[in-house]
Amino acid sequence: MSCYNKQPFKLLGILDVQNVPCARDSVLYGSLGSVIAGFGHFLFTSRVRRSCDIAVGVFILGTLGCWFPCRYNYAKQRIQQRIFQEGIKNKILFESTHLDPERKQISTKTSNS
């Protein structure tokens, strides 16, 4: 029996921060921005409630501002990876057969010479 229990850390019970791509960075950047903005606003105005409102707003905007570009790039990378894997699979499948496009190019070059 181990002392360390490997249960995932879920933010608000719904977002598994350890396993969802981009979640950890987005939450960290959002929380760091909210602490800085809320504390900075409090230092300048000494209004506690307004500073907390600013901190919550910056947390939401910062988290979403990091989340959407990161997820977009992640999806784009997954699509490129899928295309690359399909190309590698076709290369392995058709290599040294009569369907190999490189073999057709080489045979047309030698017949033209």
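From the N terminus on, the elements of the chain follow the order β-β-α-α-α, which amounts to three helices and two strands. Helices (H or I, at least four residues) and strands (E, at least two) are DSSP runs, numbered from the N terminus. The model is predicted, so that local features need pLDDT of at least 70 and side-chain atom pairs count only at pLDDT 80 or more, while totals for chains, interfaces and linings use all residues. Residues are numbered from 1 along each chain as its sequence is written, and side-chain values use heavy atoms, with hydrogens and water left out.

Of the 113 residues in the chain, 12% are buried. The term buried means under 20% relative accessible area, exposed means over 50%, and partly exposed lies in between (1.4 Å probe, protein chains only). The chain exposes about 9600 Å², and carbon and sulfur atoms supply 63% of this area. Accessible areas come from the Shrake-Rupley method with a 1.4 Å probe; for residues, only the protein chains shown count as cover. Among the contacts in the chain with a separation of 6 or more, 44% join residues 24 or more positions apart. A contact means heavy atoms within 4.5 Å.

Helix α1 comprises the 23 residues from 23 to 45. The expected span of a helix is 1.5 Å times one less than its number of residues. For α1 this gives 33 Å, and the C-alpha atoms at its ends are 32 Å apart, which agrees. The buried residues of this helix are Ala 23, Ser 26, Val 27, Gly 30, Ser 34 and Gly 38. Just after α1, Ser 46 adopts a positive phi of about 60°.

Ser 26, a residue of helix α1, has a relative accessible area of 2% and is therefore buried. A polar atom of the Ser 26 side chain lies 2.8 Å from the backbone oxygen of Cys 22. A polar contact is a pair of N or O atoms within 3.5 Å; within protein, one must be able to donate a hydrogen and the other to accept it, and residues adjacent in sequence count only if both atoms are side-chain atoms. When neighbours within four places in sequence are left aside, Ser 26 is in contact with Thr 63, Cys 66 and Trp 67. Cys 22 also has a C-alpha atom 9.4 Å from that of Pro 69, although the two residues are 47 apart along the chain. Pro 69 belongs to helix α2 and, with a relative accessible area of 41%, is partly exposed.

A further link involves Ser 51 of helix α2, which covers residues 48-94. The relative accessibility of Ser 51 is 4%, so this residue counts as buried. Residues up to four places away in sequence being excluded, Ser 51 touches Gly 38, His 41, Phe 42 and Thr 45. A polar atom of the Ser 51 side chain lies 3.1 Å from the backbone nitrogen of Phe 42.

Phe 42 is itself part of helix α1. Its relative accessible area of 32% makes Phe 42 partly exposed. Beyond its neighbours within four places in sequence, Phe 42 is in contact with Arg 47, Val 48 and Ser 51. The C-alpha atoms of Phe 42 and Cys 52 are 8.5 Å apart in space, and the two residues are 10 apart in sequence.

Phe 42 also takes part in a nonpolar surface patch with Phe 39, Leu 43 and Val 48, and together the four residues have about 400 Å² of accessible area. Patches are made of residues with over 30% relative accessible area and no salt bridge: like charges are joined within 9 Å, and nonpolar side chains (Val, Leu, Ile, Met, Phe, Trp, Tyr) within 5 Å. Helix α1 gives the most to this nonpolar patch, with three residues.

Side chains of opposite charge can pair when their charged atoms come close. A search of the whole structure finds one salt bridge, defined as a side-chain nitrogen of Lys or Arg within 4 Å of a carboxyl oxygen of Asp or Glu. The bridge joins the side chains of Glu 86 and Lys 89, with a distance of 3.7 Å from N to O. Because these two residues are three apart in helix α2, Glu 86 and Lys 89 are separated by about one helical turn. Glu 86 is partly exposed, with a relative accessible area of 39%, and Lys 89 counts as partly exposed at 49% relative accessibility.
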